[in-house]
Each structure stands twice: as structure tokens, then as C-alpha cells.
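User: Please take a close look at one helix residue and its surroundings, and then carry the account on into the sheet and the nonpolar cores.

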Amino acid sequence: MTGEPRTGDVFGELLRDALAVATGIGPRPLAGGRLPRPVIEIIERDDGLVNGAPAAHYLDGPQDWQPHDHRAVDRVRGATLDVGVGAGRIALLLQERGVPVTGLDTSAGALRVCRRRGVRDLVHATVDEHAASGRRYDTFLLLGNNLGLLEGRERAPAFLAALAAVARPGAQVIAHGTDPYGTRDPVHTAYHEHNRRRGRLGGQLRLRLRYRELGTPWFDYLVCSPEELAELVHGSPWQLVDVDNRDAPYYLATLRLAR
């Protein structure tokens, strides 16, 4: 016993259990050996901050979505890559609408949940790995705050280039982000300043996910302002053409392939 979590597919395990609790099908984590226990995703930041969120929202149907989710899917056109497909909530609606959609995720367990829920076209890979597939898309979705996959200044150019490698002419990226700088909470403002002193973007989070006895390796996840996003996109194959901040601090950013 080391006191450290065992490395594993945290996201896949918690989605599997959340689906079992929601449907009553399959083994479920139990409280006191009798009652289903709510599935909680634990998010640990490198300064010691710990947050928990119910995993059930990954299964939400459109009636429970945020307004920006609906506006995002209404902008979809053509063959679509749902990056970080999770439990498939977006892909399932697009399928119902007749949109050719592919779900991409690095979690094998998440993809198993997607298959059980009816998502037809799934890829187990990173964006970089999928860039060699020869497939091409008109729309890329980075929803559920997955603009964070840009990670930071060092990673963003390669990530954007990998999307461009599987993009058709005129392709678009529709991404959900959160502006982190409206808070006055000293726990967060001090973290922003600490990041800047290290040469990082203020909202460049260093995280790991935990569920039960499992943990992920530490990874970067970016929460940035629209202005910072514009700087990251500058010089890439993409142009930032629209920012919809009607649900501030949340926003939808639309990028269009420039070349």
C-alpha cells in the first residue's frame, strides 16, 4: 500500500458505473452493500485543490443540456469528428439527425459505453494518431469544455495541426471554453499568478482524475480567455472567426480552416 492511486482508465470506469446506476443494468458501486452509490469524478489540481462532480451529467439527454450545447450542434455541417466523445451524448443526437459522426476518445472504457448506448462509428486514438488515418472531416467538436485539450502554448500548435491534417477545405472547429478570469476566489487567483510566474497561461491547469482506487497520470488542461485563444490560434492553419459568449463565462469558439 503506497497511498497513491493505481493508474488506470478512470474515465472509462466511472462512465461504466454511471451507466449501470442510471439503467440498473450491470454491477454498481454500493453504499453499505445495499444502495447504489452516486458516481463521483474527483478532479485533483497540482496545488492540492480537490473538486468532485457527479458523473451522471455525461449521460444527459438534450433536455438537460446547457444552451451553448444546443447552439453548438446546430452549427454542425458535414462529416463530424466528436473529439473526446465521452459517453456519446453529442454523437447520439447527431446520429438521430442523420449527421455522419465519428467519436474519438483515448479511453477504451468510454468507447465501450458509447457502443452500448448506440454510437456507431468510434475511434480509440489521440487526435495526433488519428491524423494518419486518411479520413477527412468538415466539422470538429470540442464540447464539454474540451477546448482544454489544447493544454497550453507548447501543445496547441501540434494539436491544431493534427486537426488540420484530417480537415476538408473550409472545415470548422466548434469548441466550448470557459474564461477563468472572472473569479475573485483567492484559491483560483493565486493559482493563476503562480502559473504566470512559471511562464504558463494563468488557467493552464495541471490535473489528475481519480475514481475509487484509480488515478490518471498528471496532465495539462487549458482554461483560457477568448483573447488567449486568439493568440494560440495565430500562426496555425486555423482562424478564430466567432466567439459566442452569451452564456459567459462559458463561450463557443468557431475556428475555420485558413489554408
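Analyst: His 68 lies in helix H2 (residues 67-74), where helices (H or I, at least four residues) and strands (E, at least two) are DSSP runs numbered from the N terminus. This is a predicted model, in which local features need pLDDT of at least 70 and side-chain atom pairs count only at pLDDT 80 or more, while totals for chains, interfaces and linings use all residues. Residues are numbered from 1 along each chain as its sequence is written, and side-chain values use heavy atoms, with hydrogens and water left out.

At 4% relative accessibility, His 68 counts as buried, a term that means under 20% relative accessible area, with exposed being over 50% and partly exposed in between (1.4 Å probe, protein chains only). Leaving aside neighbours within four places in sequence, His 68 is in contact with His 176, Asp 247, Tyr 250 and Leu 252, contact meaning heavy atoms within 4.5 Å.

Strands E10 (167-178) and E15 (250-257) are among the elements that give two or more residues to the largest nonpolar core, and both take part in an open sheet of seven strands, with mixed pairing and the order E8-E7-E6-E9-E10-E15-E14. Two strands pair if DSSP finds at least two bridges between them. The edges are formed by strand E8 (122-124) and strand E14 (238-244), each of which pairs on one side only. Within the sheet, E9 and E10 run parallel and are joined by five bridges, and Phe 140 stands opposite Val 173 in E10.

Phe 140 and Val 173 also belong to the largest nonpolar core, which has 34 residues, and they are among the residues that touch the most other members, as are Val 83, Leu 150, Leu 163, Leu 229 and Trp 238. Such a core is a set of buried Ala, Val, Leu, Ile, Met, Phe, Trp, Tyr and Cys residues joined through side-chain atoms within 4.5 Å. Helix H6 gives the most to this core, with six residues. Leu 229, not counting residues up to four places away in sequence, touches Leu 147, Leu 150, Cys 224, Leu 240, Tyr 251 and Ala 253. A second, separate core of 20 residues includes Val 76, Ala 91, Leu 94 and Leu 122.

Cys 224 is itself buried, with a relative accessible area of 1%, and Cys 114 is buried at 0%. The structure holds zero disulfides, a disulfide being a pair of cysteine sulfur atoms within 2.5 Å.
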